[in-house]
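Here is a short briefing to read alongside the model on your screen. It goes topic by topic, so feel free to jump to the part you care about.

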Amino acid sequence: MDFTIRHAKKEDMPQVLELIKALAKFEKEEDAVEVTVTDLQTDGFGKQPAFLCFVAEVNNKVEGAAIVFHRFSTWKGKIIHLEDLIVNETMRGLGIGTALLDEVIRYGYSLGVKRISWEVLDWNAPAIALYEKKGARVLRDWDTVHLDEQGIKAYISNL
């Protein structure tokens with residue numbers, strides 16, 4: 001199967017949002033997606049983009065995406081974070097996910113980052129196997145901490 005990996009365009013964001021929703025369903029969180037096409041277009045393509053998106057295109061259709069953003073580690077320096085690596089379920093196993101991951105790694109390398117980080121659900125064995133095969137370390141002794149919008153408001157109200 002032929003596919004192309006490229007930088008996303010603003011007009012790709014409706015298809016990227018569909019991928020995000022499909023990922024949320026796969027992760028058993030389908031009601032959690034709040035972001036809109038407008039958010040993606042504004043936040044990804046404005047004067048100071050909050051993220052960069054690579055897409056995998058098959059027959060003029062976006063079938064996969066990798067969304068990254070810049071971070072800074074006080075221990076390492078410049079790093080990037082891979083927020084999501086998504087491939088349509090019907091396109092899995094064809095090398096698209098690996099190609100997207102390869103592009104993210106090339107991008108980080110071109111920036112001279114000291115680390116590329118991302119999360120994976122502990123039950124997603126195929127993804128964990130792929131990442132470990134590629135040389136990534138899955139850290140099992142760190143817990144992710146989130147403070148959601150409601151939690152932020154509650155925190156602020158208690159200051």
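Ile152 lies in helix 5, which spans residues 149-157. This is a predicted model, so please read every value below as computed from it. With a relative accessible area of 43%, Ile152 is partly exposed, and Ile152 is one of the residues in a nonpolar surface patch.

**The nonpolar patch**

- The patch covers about 570 Å².
- Alongside Ile152, the patch is made by Leu147, Tyr155, Ile156 and Leu159.
- Ile152 can join such a patch because its 43% relative accessible area is over the 30% that patch residues need.

**Strand 2 and its neighbours**

- Strand 2 takes in residues 52-58, and six of its seven residues are buried.
- On one side of the pairing list is strand 1 (residues 4-7), which runs antiparallel to strand 2 and is joined to it by four bridges.
- Arg6 has Val55 as its bridge partner in strand 2.
- Strand 3 (residues 61-73) also runs antiparallel to strand 2, with seven bridges between the two.
- Here Cys53 finds its bridge partner, Ile67, in strand 3.
- Strand 2 and strand 3 form a hairpin, with two residues between them.
- Take a look at Asn59 in that turn: its phi is positive, at about 50°.
- As general background, side chains in a regular strand alternate between the two faces of the sheet.

**Aromatic pairs**

- How many aromatic pairs does the structure hold? There are three, and two of them are described here, beginning with Phe54 and Tyr107.
- The ring centres of Phe54 and Tyr107 are 5.7 Å apart and the planes meet at 70°, so this pair is edge-to-face.
- Because Phe54 belongs to strand 2 and Tyr107 to helix 3 (residues 96-111), the pair ties together parts that are 53 residues apart in sequence.
- Phe54 is buried, at a relative accessible area of 1%.
- Tyr107 is buried too, with a value of 17%.
- Trp118 and Tyr131 make another edge-to-face pair, with 5.1 Å from centre to centre and 75° between the planes.
- Trp118 sits in the loop between strand 5 (115-117) and helix 4 (125-133), while Tyr131 is in helix 4; the two are 13 residues apart, and their pair links distant parts of the chain.
- Is Trp118 buried or partly exposed? Trp118 is partly exposed, because its relative accessible area is 21% and buried means under 20%.
- Its partner Tyr131 counts as buried, at 9% relative accessibility.

**Charges over rings**

- Lys28 lies over the face of Trp123, at 4.2 Å from the ring centre.
- Arg92 places its charged end over the ring of Phe26, 4.9 Å from the centre of that ring.

**Salt bridges**

- In general, side chains of opposite charge can pair when their charged atoms come close.
- The count for this model comes to seven salt bridges, and three of them are picked out below, starting with Arg6 and Asp12.
- The closest N and O atoms of Arg6 and Asp12 are 2.7 Å apart.
- Both ends of this bridge are covered: Arg6 is buried at 16% relative accessible area, and Asp12 counts as buried at 5%.
- Which residues are linked in a network of salt bridges? They are Arg6, Asp12 and Glu57.
- Asp102 forms a salt bridge with Lys134, where the closest N and O atoms are 3.7 Å apart.
- That pair links distant parts of the chain: Asp102 is in helix 3 and Lys134 in the loop between helix 4 and helix 5, 32 residues apart.
- Asp102 is partly exposed, with a relative accessible area of 27%, and Lys134 also counts as partly exposed, at 45%.
- Arg106 and Glu103 form a salt bridge as well, with 3.0 Å between the closest N and O atoms.
- Because Arg106 and Glu103 are three residues apart in helix 3, about one helical turn separates them.
- Glu103 counts as partly exposed, at 21% relative accessibility.

Technical notes
Residues are numbered from 1 along each chain as its sequence is written. This is a predicted model: local features need pLDDT of at least 70, side-chain atom pairs count only at pLDDT 80 or more; totals for chains, interfaces and linings use all residues. Side-chain values use heavy atoms; hydrogens and water are left out. Rings of Phe, Tyr and Trp (its six-membered ring) pair if their centres lie within 6.5 Å; planes under 30 degrees apart count as stacked, over 60 as edge-to-face and the rest as tilted. Buried means under 20% relative accessible area, exposed over 50%, partly exposed in between (1.4 Å probe, protein chains only). A charge sits over a ring if NZ of Lys or CZ of Arg is within 6 Å of the ring centre and within 35 degrees of the ring normal. Patches are made of residues with over 30% relative accessible area and no salt bridge: like charges are joined within 9 Å, nonpolar side chains (Val, Leu, Ile, Met, Phe, Trp, Tyr) within 5 Å. Accessible areas come from the Shrake-Rupley method with a 1.4 Å probe; for residues, only the protein chains shown count as cover. A salt bridge is a side-chain nitrogen of Lys or Arg within 4 Å of a carboxyl oxygen of Asp or Glu. Two strands pair if DSSP finds at least two bridges between them.
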